[in-house]
Amino acid sequence: MEKQSNVTKNLRGYADKEKGKGGINRIYKSRLFEMIFSSKRELLELYNAVNGTSYENPEELEVNTLENAIYMSMRNDLSFIIDSRLALYEHQSTYNPNLPLRFLMYTANLYSNMTKDRSLYGSRPVRLPAPGFMIFYNGLAEQPDRQIIKLSDVYEVQDKEISLELKAVMLNINRGHNKRLMDKCKTLKDYSIYVDKVREYTKSMQLEDAVEKAITECIEDDILAEFLRNNRTEAKNVSIFEYDEERHIRQTQEEGEERVNHLNRLLARQNRTDDIVRAASDKEWQEKLFKEFGL
C-alpha cells in the first residue's frame with residue numbers, strides 16, 4: 001500500500017500549502033507522471049530500466065525533489081540520489097529547448113542545499129553526487145526515440161571550447177516508441193498506454209468521460225491497475241486538468257502561428273521582406289509590427 005499512501009500524502013500536502021491562496025486547482029498541477037513515480041519502488045524500476053542497472057532495495061533511493069523550494073518560480077518534477085549519483089527527471093508534453101538551463105538551476109539549488117554546512121574555501125574537495133538529466137516526452141509533436149539537448153545550444157556565441165555544458169537525454173515515451181525501454185519498465189509502458197487511450201477517446205467524447213473510460217478499461221486490463229484503483233479520484237482529477245491544459249497550450253500555439261502567418265502575409269503585400277526576416281529572430285520587433293497592424 002506504499003503507493004496509495006505516498007500519492008495521497010503528496011496531494012494533501014500540495015492542497016494544504018495552497019489553502020487561503022485561492023489556488024483550488026493547484027494540486028492538479030502535480031502531473032500524473034509524478035504521482036505514479038512518487039513511489040520509490042516505481043521510481044527505482046524506472047531508474048533501472050533507463051540505466052541498465054539492477055538495484056533491488058527502494059530504500060537505497062533518497063528522494064530530494066525541490067518541492068516549494070522554488071527557484072526562479074520553477075520546481076522540478078523528480079530528483080533523487082542513489083549510489084552517489086544525482087538523477088533529475090522531467091516530464092514534458094511539449095518540446096522545451098530551455099530544459100538544460102532549468103536543470104542547471106535545479107542542480108545549483110540542490111548542490112547549494114547539500115553543501116550549506118560544508119566549507120567551500122578549504123583545501124579538501126567537497127564531494128558531490130554526479131548528476132544525470134532525463135526528460136520523458138509524451139507530446140503530440142513528432143520527436144525521435146532518443147535525443148540529446150544541450151545547454152550550449154542556447155548560447156548566443158558558439159565557441160569551439162565550451163566552458164560550461166549540460167547534456168540532457170530526452171526519451172519519447174509515447175506509445176509505440178522506445179519498445180526496449182518499455183519492456184523493461186511495465187509502469188512506464190502502462191502510463192504510455194493510458195495517455196494514448198485518453199487522447200484517443202477525447203476525439204469522440206467529452207474529456208471527463210474519456211478519462212473515466214480510460215481508467216475503467218486500464219483497471220480491467222491490468223494497466224496501472226493498482227495505482228488507478230487506489231487513487232482513482234485523484235488520478236481522474238489530475239488527468240482532466242493535465243489534458244485540458246495540454247489542449248489549451250496546443251490551441252494557443254496554433255493561434256500564435258496563425259498570427260505570425262497573418263503578419264507575414266501583410267508584410268509580403270508591402271514587399272517588406274527585411275521586416276519578415278528580422279521579426280523571425282527579434283521578438284521585440286515582431287511585437288512592434290503586431291501593434292502596427294493591429295494584430
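**Close-up views of a predicted model**

Of the 295 residues of the protein, 43% count as buried. The model is a predicted one, and the legends below take it view by view.

**Figure 1. The whole chain, with its eleven helices and six strands.** Before zooming in, here is the overall setting. The protein exposes about 17200 Å², and carbon and sulfur atoms supply 47% of that area. Among contacts with a separation of 6 or more, 60% are between residues 24 or more positions apart. The average pLDDT is 85, and 84% of the residues score at least 70.

**Figure 2. Where to read the model with care: helix H1 and two stretches with pLDDT under 50.** Helix H1, residues 2-18, has the lowest confidence, with a mean of 42. The stretch of residues 1-30 stays under 50 in pLDDT, and the model gives it 44 contacts beyond four places in sequence. Residues 68-74 also stay under 50, here with ten contacts beyond four places in sequence. At the other end of the scale is strand S6 (residues 167-172), where confidence is highest, at 98.

**Figure 3. An open sheet of six strands.** Follow the strands in the order S1-S2-S3-S4-S6-S5 and you will find that the pairing is mixed. Strand S1 (62-63) and S5 stand at the edges with a single partner strand each, so one side of each has no neighbour in the sheet. At the S1 edge, two bridges join S1 to strand S2 (residues 78-82), and the two run antiparallel. Here Glu-62 stands opposite Ile-81 in S2.

**Figure 4. Strand S6 and its partners S4 and S5.** S6 is mostly covered, with five of its six residues buried. S4 and S6 pair in the parallel sense over four bridges, whereas S5 and S6 run antiparallel and are joined by five bridges. Two facing pairs are handy landmarks in this view. Tyr-137 stands opposite Asn-172 in S6, and Ile-148 has Val-169 of S6 as its bridge partner.

**Figure 5. The two faces of strand S5.** Side chains alternate along S5, which covers residues 146-150. Gln-147 and Ile-149 point to one face and are buried. Arg-146, Ile-148 and Lys-150 point to the other face and are not buried.

**Figure 6. Gly-132 in strand S4.** S4 spans residues 130-137, and Gly-132 within it is partly exposed, at a relative accessible area of 29%. Leaving aside residues up to four places away in sequence, Gly-132 touches Leu-86, Ala-87 and Leu-88. Look also for Lys-167: it is 35 residues from Gly-132 along the chain, yet their C-alpha atoms are separated by 8.3 Å.

**Figure 7. The largest nonpolar core, with Tyr-89 among its best-connected residues.** This core has 45 residues. Those with the most contacts inside it are Leu-32, Phe-33, Tyr-89, Leu-188, Tyr-194 and Leu-228. Beyond residues up to four places away in sequence, Tyr-89 touches Leu-43, Leu-46, Tyr-47, Asn-51, Asp-77, Leu-78, Phe-80, Met-134 and Phe-136. Apart from this core lies another, of 17 residues, among them Leu-99, Leu-110, Ile-149 and Ala-168. In soluble globular proteins, nonpolar side chains tend to be buried together.

**Figure 8. Helix H7 from end to end, residues 207-220.** Its 14 residues should span 20 Å at 1.5 Å a residue, and the end C-alpha atoms are 20 Å apart, so the two values agree. The buried residues of H7 are Leu-207, Ala-210, Val-211, Ala-214, Ile-215, Glu-217, Cys-218 and Ile-219. An α-helix has 3.6 residues a turn, so residues three or four places apart point the same way. Just after H7 comes Asp-222, with a positive phi of about 60°.

**Figure 9. Two loop residues with positive phi, Asp-83 and Asn-271.** Asp-83 is not a glycine, but has a positive phi of about 55°. Asp-83 sits in the loop between S2 and strand S3 (85-92), and counts as partly exposed because its relative accessibility is 45%. Asn-271, not a glycine either, has a positive phi of about 60°. Its place is the loop between helix H9 (232-269) and helix H10 (273-281). Asn-271 counts as exposed, since its relative accessibility is 66%.

Definitions and conventions. Residues are numbered from 1 along each chain as its sequence is written. This is a predicted model: local features need pLDDT of at least 70, side-chain atom pairs count only at pLDDT 80 or more; totals for chains, interfaces and linings use all residues. Side-chain values use heavy atoms; hydrogens and water are left out. A nonpolar core is a set of buried Ala, Val, Leu, Ile, Met, Phe, Trp, Tyr and Cys residues joined through side-chain atoms within 4.5 Å. Buried means under 20% relative accessible area, exposed over 50%, partly exposed in between (1.4 Å probe, protein chains only). Contact means heavy atoms within 4.5 Å. pLDDT is the predictor's confidence in each residue, from 0 to 100. Two strands pair if DSSP finds at least two bridges between them. The expected span of a helix is 1.5 Å times one less than its number of residues. Accessible areas come from the Shrake-Rupley method with a 1.4 Å probe; for residues, only the protein chains shown count as cover.
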